[in-house]
Amino acid sequence: MRKLTNVDYDQNLAIVGVVPGPEGEEEIVAIAQYFLDPKTMVAEVAFIVQDEWQDKGMGSLLLDYLTKVAKERGVKSFYATVLPINKAMLSIFYNSGYKINTEFDGDSYSITYELTR
Ligand SMILES: CC(C)(COP(=O)(O)OP(=O)(O)OC[C@H]1O[C@@H](n2cnc3c(N)ncnc32)[C@H](O)[C@@H]1OP(=O)(O)O)[C@@H](O)C(=O)NCCC(=O)NCCS
C-alpha cells in the first residue's frame, strides 16, 4: 500500500488513463506504474485497466507512455510477473516492439526486457 500511494516520480512513478465522465469531468479508468531499483535501474511494472475499458488499447497505450518516461529517466529494463492465464498482459508485452525474455517457474512468467535495445 505504501508503495502504491507514495508516488515520488523517481523510484515510483505512476501514470493514469482518463476518459470523459458523464459531467464532462475526467474519470480515471487505468493506472500504470513502475517501481525502480536505483541500484540496478531495473523497474517492476504493474497495470490495471477498469473492466469495461479493457481490450480497447488502453493498456498498450499506457505501456508505450510509461516506457517513454522510463527511458527519459534512465531506466534500463522493465520487469513483470504475469500469470499464464493473463493473455492480455502477455500480448501487451509481446506487442511492445522490444525483445522480451520470458522465464516460467511453473506458476508465473517472469518477463524482462531491456529498454535500451
Ligand atoms: C492486463 C490489462 C492491463 C490489459 O489492458 P488492456 O487495456 O485490456 O489491453 P489492450 O487493450 O491494450 O491490449 C490487450 C491485448 O490483449 C489481447 N487479449 C485480450 N484478451 C485476450 C485473450 N483472452 N487471449 C489472447 N489475447 C487477448 C488483445 O487482443 C490485445 O492484443 P492486440 O493489441 O494484439 O489486439 C487489463 O486487462 C487489466 O487491467 N487486467 C487486470 C489487472 C492485471 O491483470 N494487471 C496485470 C498485472 S501486471
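Begin by selecting Ser96, which has its place in the loop between helix 3 and strand 5, the strand that covers residues 101-104. Keep in mind as you look around that what you have open is a predicted model. With a relative accessible area of 18%, Ser96 counts as buried, because that word is used here for residues under 20%. Now show the side chain of Ser96 and follow it to the backbone oxygen of Phe93, which it reaches at 2.7 Å. Then turn to the backbone nitrogen of Tyr98, which lies 3.4 Å from a polar atom of the Ser96 side chain.

Stay in this loop and select Lys99, which also lies between helix 3 and strand 5. Is Lys99 buried or exposed? At 54% relative accessibility Lys99 counts as exposed, because the cut-off for that class is over 50%. If you draw a line from the C-alpha of Lys99 to the C-alpha of Asn86, you will find that the two are 19 Å apart in space, while in sequence they are 13 residues apart.

Asn86 leads on to the ligand, which is the next thing to select. Among the 18 residues around the ligand, those that come nearest are Val49, Asp55, Gly57, Ser60 and Asn86. Where does the ligand sit? The ligand is found in the largest pocket. The elements that each give two or more residues to the shell around the ligand are strand 3 (42-49), helix 2 (58-72) and helix 3 (87-94). Colour helix 3 to see where the largest share of this shell comes from, since this helix contributes five residues. If you colour the shell by class instead, you should find eight nonpolar, seven polar and three charged residues.

Next, look at single atoms of the ligand and the backbone atoms that face them. A nitrogen atom of the ligand is 2.8 Å from a polar backbone atom of Phe47. An oxygen atom of the ligand is 2.7 Å from a polar backbone atom of Gly57, and for Gly59 a backbone N or O atom lies 2.7 Å from an oxygen atom of the ligand. Switch on the surface at this point: taken alone, the ligand exposes 960 Å², and the protein buries 64% of that area.

From here, go back to Asp55, one of the residues that come nearest to the ligand, and find it in the loop between strand 3 and helix 2. Asp55 counts as exposed, because its relative accessibility is 84% and the class begins over 50%. The backbone of Asp55 deserves a look as well, for its phi is near 60°, a positive value in a residue other than glycine. Most residues other than glycine have a negative phi. Which other residue can you select for a positive phi of about 60°? Met41 has such a value, although it is not a glycine, and you will find Met41 in the loop between strand 2 (26-37) and strand 3.

For the last stop, select Val18, which is found in strand 1, the strand made of residues 12-20. Val18 is partly exposed, because its relative accessible area of 35% falls between the 20% and 50% cut-offs. Finish by placing a distance marker from the C-alpha of Val18 to the C-alpha of Ile31, where the viewer should give 9.2 Å for two residues that are 13 apart in sequence.

Key:
Residues numbered from 1 in each chain as written. Predicted model: local features only at pLDDT ≥ 70, side-chain atom pairs only at ≥ 80, totals over all residues. Heavy atoms only, no water. Near = heavy atom within 4 Å. Polar contact = N/O pair within 3.5 Å; in protein donor to acceptor, adjacent residues only side chain to side chain. Areas by Shrake-Rupley, 256 points an atom, 1.4 Å probe, with all protein chains shown as cover. 1 Å grid on protein atoms, 1.4 Å probe; cavity = no way out; pocket = protein on both sides within 12 Å on 5 of 7 lines; lining within 4 Å. Sits in = over half its atoms within 2 Å of the grid points. Helix = DSSP H or I, 4+ residues; strand = E, 2+ residues; numbered from the N terminus. Nonpolar A, V, L, I, M, F, W, Y, C, P; charged D, E, K, R; others polar. Buried < 20%, exposed > 50% of the residue type's maximum accessible area, 1.4 Å probe, protein only.
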